[in-house]
Amino acid sequence: MALFHNQPHLQDPGLFAPAYPEVSGRITRLIGLTLEAVGLKVALGDYCKIEVLKGQYSEAEVVGFSGDRIYLMPLHSVDGLQPGARVIPQRSGSLVPVGFGLLGRVINGIGQPIDGKGELDAERYVPMQGEVINPLSRHPIDTSLDVGIRSINGLLTVGCGQRLGLFAGSGVGKSVLLGMMTRYTAADITVVGLIGERGREVREFIDHSLGAEGMARSVVVASPADDSPLMRLRAAELTTRIAEYFRAQGKRVLLLMDSLTRYAQAQREIALAVGEPPATKGYPPSVFARLPRLVERAGNSQAGEGSITAFYTVLTEGDDQQDPIADAARAILDGHIVLSRRLAEQGHYPAIDIEASISRVMPQVVPADHLAKALEFKRLFSRYQQNADLIAVGAYVRGSDPQTDRAIEMLPVLQAYLQQGMTESFDLERSKQELIMSMSIPAASTNTSQGMRGGVSQGDRR
């Protein structure tokens, strides 16, 4: 299978000729995921084809070297590989498809369609790495983006061009929340990267979480867990590259990547395979160098051009918020939304922990009255949580603290505002008005506020 077989101008086998003089190397060693070859003059990032069986080839990328030994990482299976197999250099770098013809399609990490709908209607083929934007040329984040989720719109307002992390363990509603944002966000185009997920979840996300409505204006790049680490790495970069292309066309792009952790783990596998020493909890230094390079490609472009608003899911193993990848992601993102297992177990969806979540650009994109009510909401909710144990055992005496009394009376209103059914959508203006209204309800009227609460679906919330 040729790496570029979906590109019309490369269908002729004669055009798939080595870009170097007619030379070839040979495989001398296979250790784990890494192939060692000699007799090649190639550069880091170049592609080679390896003769696996007679007349059959598999693609690999140059990921390192030591002296005259070249380290290769295969993109696909190398079953049938024999010692001394030929290695033929190919084109340096790779070209990937972009364009509006990709909308509604599902592709893999190197731009090949995997949805059974035929060839891609690509407008252009571009290099995987986009142009680096000077940070001083980026337009400031000063416009809010409606994501259709009431608690996020009202309390963690997102700005166009913002990059947020969605921190969650397994089974707390992460995929459902991503699907809701895909369907309800007021962006022009959505680009979804499913990196390292189970193959079953890829289909379920497309059919159920995304749906026909969301898929019509989306591009999905899928690289499940059984793909090679290099393919998973390329899938994350391709997701970002497609989003960059649409941004260059002046579009407001929503980029959803699930997950940033799997991207980091793929880079860890590659780095360890070529001999890079582990540093922080088994992660080599190159992992922490690659994360900001990927994330910084999202955001606003120059004034008057498009934007990429990005949500990166970060898996917190054992709900540990101090995981090395989670800690690194918090430092390079413009905010984080934490999903709580405790809330999910109580049937509280979306299970957003408002106390632990923050949007760092919210003060720049919302009016003063909205910000003031959001802060008041958080203060009341936090006050109740601080005294929850005392209240539960009856040790708190009403009248001891006016703020705590108010928090107890307002709790049904606060909980109602934070919950939302998976088929419901609340636009930014409605979310703001309901927030202001809920904070203005007299204490005696809190019992009548339950009508605000949307029905919570009992469907599968992964």
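**Entry 1. Overall**

I began with burial: of the 462 residues in the protein chain, 57% are buried. The model I am reading is a predicted one. I then looked up the secondary structure and found 13 helices and 19 strands in the protein chain. For contacts I took residues at least 6 apart in sequence; 74% of these contacts join residues at least 24 apart.

**Entry 2. Strand β2 and its partners**

I went to strand β2, residues 34-38. Five of its five residues are buried, so β2 is largely enclosed by the rest of the structure. I checked the two faces separately. In a regular strand, side chains alternate between the two faces of the sheet. On one side of β2 I listed Thr 34, Glu 36 and Val 38, and on the other Leu 35 and Ala 37; all are buried, and both faces are covered.

Which strands pair with β2? One is β1 (residues 25-31), which pairs with β2 in the antiparallel sense over five bridges. Within this pairing, Arg 29 stands opposite Glu 36, and Leu 30 stands opposite Leu 35. The other strand I noted is β5 (residues 69-74), also antiparallel to β2, with three bridges. There, Ala 37 of β2 stands opposite Ile 70 of β5.

I also looked at the turn of the β1 and β2 hairpin, which has two residues between the strands. Gly 32 takes a positive phi near 60 degrees in this hairpin. For reference, most residues other than glycine have a negative phi.

**Entry 3. The largest pocket**

I looked up the largest pocket and found a volume of about 720 Å³. Its lining has 35 residues, and those closest to the pocket centre are Gln 129, Arg 234, Glu 237, Arg 290 and Arg 293. The elements that give two or more residues to the lining are β4 (56-66), α4 (229-248), α5 (260-273) and α6 (285-295).

Which element gives the most to the lining? I found that α4 does, with six residues. By class, I recorded 16 nonpolar, seven polar and 12 charged residues in the lining.

Where does the pocket lie with respect to the domains? Domain 1 (25-90) and domain 2 (95-365) both give residues to its lining, so I place the pocket between them.

**Entry 4. Single residues**

I took Pro 89 next, which lies in strand β6 (residues 86-92). Pro 89 is buried, with a relative accessible area of 1%. I checked its distance to Ile 50: the two are 39 residues apart in sequence and 8.9 Å apart in space, C-alpha to C-alpha.

Asp 334 sits in the loop between α7 (324-332) and β18 (335-338). Is Asp 334 buried or exposed? Its relative accessible area is 16%, and the cut-off for buried is under 20%, so I count Asp 334 as buried. Leaving out residues up to four places away in sequence, I listed what Asp 334 touches: Ile 141, Gly 161, Gln 162, Arg 163, Ser 359, Arg 360 and Val 361.

Gly 250 is in the loop between α4 and β15. I found a relative accessibility of 41% for Gly 250. Buried is under 20% and exposed is over 50%, with partly exposed in between, so Gly 250 counts as partly exposed. Not counting residues up to four places away in sequence, Gly 250 touches Glu 305 and Gly 306. I also looked up Gln 302, which is 52 residues from Gly 250 along the chain; their C-alpha atoms are separated by 10.0 Å.

**Entry 5. Cis peptide bonds**

I ended with peptide geometry. Most peptide bonds are trans. I noted two bonds that are cis. The bond from Asp 258 to Ser 259 is cis, with omega near 15 degrees. Ser 259 is found in the loop between β15 (252-258) and α5. The bond from Tyr 349 to Pro 350 is also cis, with omega near -10 degrees. I located Pro 350 in the loop between α8 (341-345) and β19 (358-359).

Conventions
Residues are numbered from 1 along each chain as its sequence is written. This is a predicted model: local features need pLDDT of at least 70, side-chain atom pairs count only at pLDDT 80 or more; totals for chains, interfaces and linings use all residues. Side-chain values use heavy atoms; hydrogens and water are left out. On a 1 Å grid over the protein atoms alone, a cavity is a set of points where a 1.4 Å probe fits but cannot get out, and a pocket is an open set with protein on both sides within 12 Å along at least five of seven lines; lining residues have an atom within 4 Å of a point. Grid points are joined across faces, edges and corners, and a volume is the space filled by probe spheres set on the points. Helices (H or I, at least four residues) and strands (E, at least two) are DSSP runs, numbered from the N terminus. Ala, Val, Leu, Ile, Met, Phe, Trp, Tyr, Cys and Pro count as nonpolar, Asp, Glu, Lys and Arg as charged, and the others, Gly among them, as polar. Domain bounds come from an automatic or database domain assignment. Buried means under 20% relative accessible area, exposed over 50%, partly exposed in between (1.4 Å probe, protein chains only). Contact means heavy atoms within 4.5 Å. Two strands pair if DSSP finds at least two bridges between them.
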